[in-house]
Amino acid sequence: MNRIADLWERTVPWRWLTPSTALIVCVVGFPAVYMVWMSFLDISRIGLVKGFAGFDNYARLLSEDAFGQVAGNTLLWLVIVVGLTVVLSLALAQFLSKEFFGRRFVRLALVVPWAASLVMTATVWRFIYEGGNGLLNRLLMDLSIISAPVDWYKDPATALYAVMAVGIVTSMPFTTYVLLSGLQTVPHDVLEAAKIDGAGAWATWRRVTLPILRPSLMIALVLNMLHVFNAFTVIWVIMGKTAGNHADTTVTWLYKIAFTAQLDSGEAAALGVLNVAFLLLLILAFVLVLRPYRNPSAAEEKPAPPSAAVAREPAAAVRPPVRRTRPVLLRAGRGWARARKVVMPVAGFAIALFFLAPYAAMLLGSLKTDAELFAVPADYLPKSWAWSNYADVWRRIPLADYFRVSLTVALASTALVLLVAAPAAYVLARSRFRGRGAFLGVILVTQMFPAVALLIGLYRQALFVDGINSYAVIIAINSAFNLAFAVWILHAHFGSIPVDIDEAAMMDGLGRFRILVRMILPLAAPGLVTVMIFTFIQVWNEFVIALTLFNDPAGGRVPLTVGIQQFIGLYETNYQYLFAAALMAIVPAVILFALIEKHLVSGLTAGSTK
């Protein structure tokens, strides 16, 4: 009996990790492996496997006329969007790290494009980019910057760059918060030491702040590359129904090959494998670059050599090598100190207006009539405020059904994530066992891979289990791809709770499960709330998987992000109704997101560096 009890105790970690492992293997692992297998099969347009094709799919893919253009678009998209996003976010994070009147308002304005669905955000930018009746053309013509309207997303010469601008705007909030979190870790005493040594603001930032910020900067860079590479929604919503591949990246082209233009699952699978291979290279680079920072305390605990006399000195005494600032820069610094009380709030207000402007345009557009929406030149404000649009939209589309479906999927996915993630995070925080590091690595990889990267494999898997338009399948997929964040957040919170609480509870006769439920979960309530809200919003805003696997108007199974897209037609778009529905979906998500924005970045950063 003792042997059985001992064996039972030793298998606790794996028994508690089984649900999360099964979810990852079934929803992430199998589609990834099957997608590779599909890339070597000859599959007909109706999905029947006709035999083994070898490398024919890859050869056909590489010989496509559009391959060179799409590959070039993808590289250009990555370099420009990621590069400008990181540079602008670094400047914005530095700005927001300073105290000034209205800073909280600016941070909340930055939350809006992060929390809002990319479908809604891309839609309003599509409206802004319209030709003669677009707000951007009206503004630029009023400022005499252009003399005639530009078809921003329809003209092949400007389409890709117009979409890139939206990609940068939507990527900046996350990147800014990651860097802002890194800036908050810079020791104050080191900055004071640099100031005592005569270093000015620029010298201190370049020689002190930037080296300390490097881990956060690398995290922001690599995660941004992963996010931008898989940016399907922004490109598809703005460009999806236009002809040609002039703004396609490999992700949107894959969707066209598989589901709209060619219906060639084998060739799409080959492109998916190439996409995943590229992502794996990014992850490898991420691990190699950040390896020195995974456990900084270990380096601090190593005994210093006897000759290192300063090793035991306090941090303030170990001053970084800085150069003294020139007198002209010192005078400029004193002038800035006098002006900053006015300049900083004004600049902050301008930044907040920039990020809120698209949603203000959405609000005003939702209150316009058809004639006002398509007036040339565009009208900034409604002439007759059509509040009736908010009532009419419920009659024009089954909006109540869309809300019901999205709410059902989001709530069920959130509950499943919590149910699976909490035991896994608890056993990872409290136990040291063989395979622990491997499991954490698997979790990290699933955090890196969005569902769109495995889209063709997920679609075939859903066909196998008769899961197209199935609640169970869409809930499982959403849960699996949000599990990593939940495990990392809860793992960090559980790890901060003293082990003495568990030991005292065990002495009182409580088992592990009751300790988790009665003792640990109440103490980790902030982490639970963060996971719940973040997961709910992520599922609520999900688009590409729902578009592919859960889009059944006849059966009343259409999520909100997919359903409201029917207002976008090839020749006409009912923007006023689309915006009314979008705002009703955005406002609750933004409010929820604002409640947890302080906790999100620390969890994402910790999950990436451990």
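In the predicted model, one aromatic cluster is formed by Trp37, Phe40, Phe52, Phe55 and Tyr58. Aromatic pairs in the structure number 30. One of these joins Phe354 and Phe355, whose ring centres are 5.3 Å apart and whose planes stand at 80 degrees, so the pair is edge-to-face. The two residues are covered to unlike degrees: Phe354 is partly exposed, with a relative accessible area of 46%, whereas Phe355, at 4%, is buried. A further edge-to-face pair is made by Tyr471 and Phe550, with ring centres 5.1 Å apart and planes at 65 degrees. Tyr471 belongs to helix α21 (residues 471–480) and Phe550 to the loop between α26 (544–549) and α27 (560–563), so this pair ties together parts that are 79 residues apart in sequence. Tyr471 and Phe550 are both buried.

The largest nonpolar core comprises 199 residues. Within this core, the residues with the most contacts are Trp77, Ile238, Leu399, Leu458, Phe481, Phe494 and Ile545. Helix α18 (residues 399–430) makes the greatest contribution to the core, supplying 17 residues. In soluble globular proteins, nonpolar side chains tend to be buried together. Phe481 illustrates the surroundings of one such core residue: beyond residues up to four places away in sequence, Phe481 touches Val27, Val28, Phe449, Pro450, Ala451, Leu454 and Leu458.

Leu458, a contact of Phe481, is among the buried residues of helix α20. This helix spans residues 455–464 and is mostly covered, with 7 of its 10 residues buried. The buried set consists of Leu455, Ile456, Gly457, Leu458, Arg460, Gln461 and Ala462. Asp466, which follows α20, has a positive phi near 55 degrees.

Helix packing is exemplified by α24 (residues 512–523) and α25 (residues 525–540), whose axes come within 5 Å and cross at roughly 80 degrees. The two helices are therefore roughly perpendicular to each other. Leu521, Pro522 and Leu523 of α24 make this contact with Ala525, Pro526 and Leu528 of α25. Classified by residue type, the contact contains 6 nonpolar residues, no polar residues and no charged residues.

Several loop positions were also examined. Ser431 is located in the loop between α18 and α19 (436–448), and its relative accessibility of 12% places Ser431 among the buried residues, because buried means under 20%. Apart from neighbours within four places in sequence, Ser431 is in contact with Pro13, Arg436 and Arg512. In the loop between α16 (370–373) and α17 (389–396) lies Pro377, which is joined to Val376 by a cis peptide bond with omega of about 0 degrees.

Positive phi values also occur at loop residues other than glycine. Ser144 has a phi of about 60 degrees and is situated in the loop between α7 (135–142) and α8 (159–183). With a relative accessible area of 64%, Ser144 is exposed. Leu263 likewise has a positive phi, near 55 degrees, and is found in the loop between α12 (250–260) and α13 (265–290). Leu263 is partly exposed, its relative accessible area being 29%.

Terms used:
Residues numbered from 1 in each chain as written. Predicted model: local features only at pLDDT ≥ 70, side-chain atom pairs only at ≥ 80, totals over all residues. Heavy atoms only, no water. Buried < 20%, exposed > 50% of the residue type's maximum accessible area, 1.4 Å probe, protein only. Helix = DSSP H or I, 4+ residues; strand = E, 2+ residues; numbered from the N terminus. Core = buried A, V, L, I, M, F, W, Y, C linked by side-chain atoms within 4.5 Å. Contact = heavy atoms within 4.5 Å. Axes fitted to C-alpha atoms, helices over the stretch in contact; angles between N-to-C directions. Parallel < 35°, antiparallel > 145°, perpendicular 65-115°, else oblique. Nonpolar A, V, L, I, M, F, W, Y, C, P; charged D, E, K, R; others polar. Phe/Tyr/Trp six-rings, centres within 6.5 Å; stacked < 30°, edge-to-face > 60°.
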